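Me: Could we go through this model together, one short question at a time?
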Amino acid sequence: MSVTGLHCKEMADSAGLQFVSSYAFEAMQKVDVSRLAALSDPELRLLLPCLVRMALCAPADQSQSWAQDKKLILRLLSGVEAVNSIVALLSVDFHALEQDARKEQQLRHKAGGSNGESILVSQLQHGLTLEFEHSDPLRRLRLTLSELLAIMNKVVDSNGEFFLKSSELFESPVYLDEVADVLCILQAELPSLLPIVDVAEALLHVRNGDWFLCLLVANVPDSFNEVCRGLIKNGERQDEESVGGRRRTEALRQLCQMNPSQALNIRAMVVEECHLPGLGVALTLDYRPDTPDEAVSPLVSYVSGLLLGTNSKVRTWFSMFIRNGQQRKRESSSVLWQMRRQLLLELVAILPRSRSTHVPNNSGMEEEPGSGYSGLREEHVVKASALLRLYCALMGIAGLRPTDEEAEQLLQLMTSRPPATPAGVRFVSLSFCKLLAFPTLVSTPEQEQLMVMWLSWMIKEEEYFESAAGVSASFGEMLLLVAMYFHSNQLSSIIELVCSTLGMKIAIKPSSLSKMKTIFTQEIFTEQVVTAHAVRVAVTNNLSATITGFLPIHCIYQLLRSRAFTKHKVSIKDWIYRQLCETTTPIHTQLIPLIDAYINSILTPASKANPEATNQPITEQEILNVFRSAAGGEGSRGGRQRYSITTQLLILYYILSYEENLLASTKQLAMMQRKPKSYSAALMDQIPIKYLVTQAQGLQQELGGLHSALLRLLATNYPHLCLVEDWVCEEEVTGTLPLLRKMMLPSNTCRYTRNQLHQAFQKLPSSSPRLMRILEHLTLLSPGDLIPYAEALTASMALLLEPAVPRRILQTLNKLWMGLNTVMPRRLWVMTVNALQPSAKLLHQQKYTQNDLMVDPLIVLRCDQRVYRCPPLMDIVLHMLNGYLLASKAYLHCHLKETADFDRQTQTVSNLGVPGQPETPEVTREELKNALLSAQDSAAVQLLLEVCLPTSEEQQLGANTESLLSSIRGSVPGKSKQGSLGPRARGGVEDEEPEGGLLSDLREVQCLICCLLHQMFIADPNIAKLVHFQGYPQALLPLTVAGIPSIHICLDFIPELLAQPQLEKQIFAIQLLSYLCTQYALPKSLSVARLAISVMGTLLTVLTRAKRFSFFMPILPCLVSFCQAFPPLYDDVAGLLVQVGQVCASDVATKARDIDPLITRLQYLKEKPRGAVAPGGGSSKLTLPQRMAEELGGADPDVQLCYCVEATFMDIITSTLHGL
């Protein structure tokens, strides 16, 4: 059976030979005796070696059916004369033959491969053909085996270089059948000596090799895949480049024609190995599927898969095949030219029949879309799109240079008019991008005219296509986008657009687009036409990331960036607003860049020459319309929300970003004497910012980068909505436990109204149980569901300050308030501040606004005094105070930014020629703002510290601020474990805790305040420095040092505080240091304590007598703490005490006769401190100084100071001994 198609010159001799048919091969594979019986004698002759062996050899299959089949085979063979010669071949001793063959191989190996003496064949008297004719079966086997082994050895020694062995035995047409019989018998009987893959490789190097190979495989059908894989593995990367490659390809192609069912598997092996690309194409050309795919041909699918697949190695390999094939002259036998011819035939087959180069303007397309002389048939559209992409890949990736015929037919296809279907839209988009990618396809004026008319048709039909095809992304947006890119000379963006639409990376030179640019910008789309057309384009309904392709939003975005709207005075505000209102999740990636570009076009003029050329911002009323459903309860009740959460979040992003950009641009705007309008505070108060951000947190995957962008804007402009404790509280509100509690809530539970809640509050304390039930039920609701109850909860807060209100109610209210704080913090804070005003103020009905509280955050602390002793409500007040302090900072920063640049600009205009003038006001304003903020923060801290002081009533009850410090210091070792204090109890602390102890309301409020101060000091250490430079009551030092962990930072500035000229500041510094040394016994504390002792020694020498008394009396007890914390300081402290005693004694030497003995005692205490203490642990000399101080105290301060020094000595000694 002859093969059509590719035939190399070297294989011309095999063209007339009878090949094994696919029918015969399938019969051999399945051993279908009935099929074999139907074969003609010439076909049967080719299969005799296998059939004879099958009939003579003992079978493994002993079944009755095979016995019957075997009889049929014998009957089939009985009439064939050639069977006798094959039987004779099978009768020789193959074992001896194999031994001789191996000996000959060894001999040839030793001789270096030269054809010397042969063991298999003795000296030949005639040529191989004559010898073969006159030989007996054994000698025939020996002759053929010797020749085959010689070829196989030469293949091994050739190192991959192809050669064609001239062999008389394999070339004589008279004996081909007999030689084939011998070859098949040899391979079947000596498989270890002659592996079939090696034999197949050797046969490629002789004439008629493909015919021998097919016969060999047909007689061993199970070896088909093995032989093919071996031939492919040993094949060339580019088969058409060499004779060997072409012979290999032809042989494999013949094998696949013999077994067409395996052709696609062999093609897959070719791609896997990246060898023989021509074979892959040839097999595809030969392939005839049983059920042909009408849409895309096998050739288009195969080549597209190679060039557009993800495997770059395969893509490079096949591209090289195309490039190399083009370099040779055109040959009809070349696989590449066969492929190109086939593709061209497929392309011509789907072209409209009466297509001409000159296409008159046909308006009938609107009535009958898809009909007409230039219409592409609907069933051909998908195939046409696939062909276009394939030609793009061939030209752009593989470097195919189209012939004139190919270019002409391609242009005819590209400018044809498809029907209005989604596939038609896709085809037009691909055609358009191919025109941009390969503008060289348009070479003549007629072709250029054809292209212009086709583009005009695109513009005209775009709207109809979009509506008829039912797609959101049509080719009209792409046309607009390309026109805009051409106008702004963004050629790289056009190249990106083309590559993304075609779905492949193509190297396009920007210079090649110059002709298209001229056509677009001057003939089809002037910039004014572009902008006017863009505004009329309908917005995309329910725009989301699921809608792919090029949409109106891409065009508007590009026009905004190029400032085309402002340049041509076209209003785009309404279009953008409508599009933002038509959005849903997942959010489209172009929306945020669109908003950013829009904001920039509002604030920045298109040119300095025309500062008024800006877009209009979205109006406040339009913004309120979006949030109207979300203003009270975020629209979850009362029917379906009109605007999606996506729209609300995008509008929120727009407002926040607009305000931030407005502040950032004030300097440039001031230079141009422009002041765009800022959105009012009243509008911002009506937008539920925190609720929307909380909603966005749960939709992060669908919102892309919108949530993080909103958080950034909040942190900058609304820091009070980004408190860390709020985020932690949200986890408690939205975590697993609250969810489980809500799931356990029965669906039929009674729901309480706001009126019922209000009445329960009014009837306190008698209604406490009912109020508790209502509040407990409310805790099961989500924060969003709590919003309607917010006013009732906050309005009645003051009633909870009355006595006899259960603590549980207060704690539950605190919990509900914190939940509401996660969704509506700003409104909640204003309502709470107004509700907690003192009763006297309520009579005047003074209501604070959000703006009042941001201007003066300390209003929060002007609440009912009872709040200061109600820990759950105090917690709320402190939370609001912290928030408003942060809000005030942001407010003042914005206010300064808004006005400073305009004020400075005015001053610059009025002070022209005066150097240095413009900078002064700005610097002064910044300093004033910082001073105001520092004063505000320090005032808040001082007020809170004042709250920590016990009232007169609490002092009478025994409350004491030092108990916290003493409880942390613990009992002195050696004492009982009853919490008794050390011998030097400050401020008269009793051994037992006062009534209420650590569980008192005062103690709880102190802890809450210390926690807030700790956060404030960490956030801004300068606040801590300022407060301690101002000073506060000494009685609070034990509380602040023990209750504020970050107070250790005071060690950094205590040396600076000691250097202040005011004695009271120096005293405060030393007292603070004494507590810090006890709390933080660190090396740094030791060095600062040494400095303090040195300063005290220096001041002793310079202070007057009156100042000396007022300075040393309060600080001498601090020396005890120094020695307790750092025993190495004992010598320095003792020396200082003796020095103080000597100075004082010298002033009163004439008045008190026992002063000299006092100095002597001090020297003794310094040198022998243990001797001053009696064996029983008491002091033998303590009573005398106390008595003398009482007698002389009123008379002389120096005397009091002397005895205070001695008492300090005794305290140090006693505490040291207790420590031991």
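Me: What share of the area that the chain exposes comes from carbon and sulfur atoms?
Reply: Keep in mind that this is a predicted model. The chain exposes about 54700 Å². Of that area, carbon and sulfur atoms supply 53%.

Me: And how much of the chain is buried?
Reply: Buried here means under 20% relative accessible area. The chain has 1220 residues, and the buried ones make up 52%.

Me: How many helices and how many strands does the chain have?
Reply: Happy to count them by type. Strands come to 0 in this chain, while the helices number 64.

Me: Which helices do the buried residues of α12 pack against?
Reply: Helix α12 spans residues 196–203 and is mostly covered, with 7 of its 8 residues buried. Those buried residues are I196, V197, V199, A200, E201, A202 and L203. Their packing partners are α9, α10, α11, α13, α14 and α15.

Me: Which elements give two or more residues to the lining of the second largest cavity?
Reply: The whole structure holds 9 cavities of 30 Å³ or more, and the second largest has about 50 Å³ of space. Its lining includes T832, V833, Y848, R862, V877 and M880. Two or more lining residues come from each of α47 (825–835) and α50 (871–910).

Me: How many charged residues are in the lining of the second largest cavity?
Reply: Sorting that lining by class gives 8 nonpolar and 2 polar residues. The charged class has 1.

Me: Where is the proline of the cis peptide bond from T585 to P586?
Reply: The bond from T585 to P586 has omega near -5°, and it is cis. P586 sits between α31 (573–581) and α32 (591–603), in the loop.

Me: Is A804 buried or exposed?
Reply: A804 is not a glycine, yet its phi is positive, at about 70°. Its place is in the loop between α45 (790–795) and α46 (807–821). The cut-off for exposed is over 50%. With a relative accessibility of 63%, A804 is therefore exposed.

Me: How many contacts beyond four places in sequence does the model have for residues 959–997?
Reply: For the chain, the mean pLDDT is 77, and 79% of the residues reach 70 or more. Over residues 631–641 the pLDDT is below 50, and that stretch has 17 contacts beyond near neighbours in sequence. Residues 959–997 stay under 50 too, and their contacts beyond four places in sequence number 60.

Notes:
Residues are numbered from 1 along each chain as its sequence is written. This is a predicted model: local features need pLDDT of at least 70, side-chain atom pairs count only at pLDDT 80 or more; totals for chains, interfaces and linings use all residues. Side-chain values use heavy atoms; hydrogens and water are left out. Helices (H or I, at least four residues) and strands (E, at least two) are DSSP runs, numbered from the N terminus. Buried means under 20% relative accessible area, exposed over 50%, partly exposed in between (1.4 Å probe, protein chains only). Accessible areas come from the Shrake-Rupley method with a 1.4 Å probe; for residues, only the protein chains shown count as cover. On a 1 Å grid over the protein atoms alone, a cavity is a set of points where a 1.4 Å probe fits but cannot get out, and a pocket is an open set with protein on both sides within 12 Å along at least five of seven lines; lining residues have an atom within 4 Å of a point. Grid points are joined across faces, edges and corners, and a volume is the space filled by probe spheres set on the points. Ala, Val, Leu, Ile, Met, Phe, Trp, Tyr, Cys and Pro count as nonpolar, Asp, Glu, Lys and Arg as charged, and the others, Gly among them, as polar. Contact means heavy atoms within 4.5 Å. pLDDT is the predictor's confidence in each residue, from 0 to 100.
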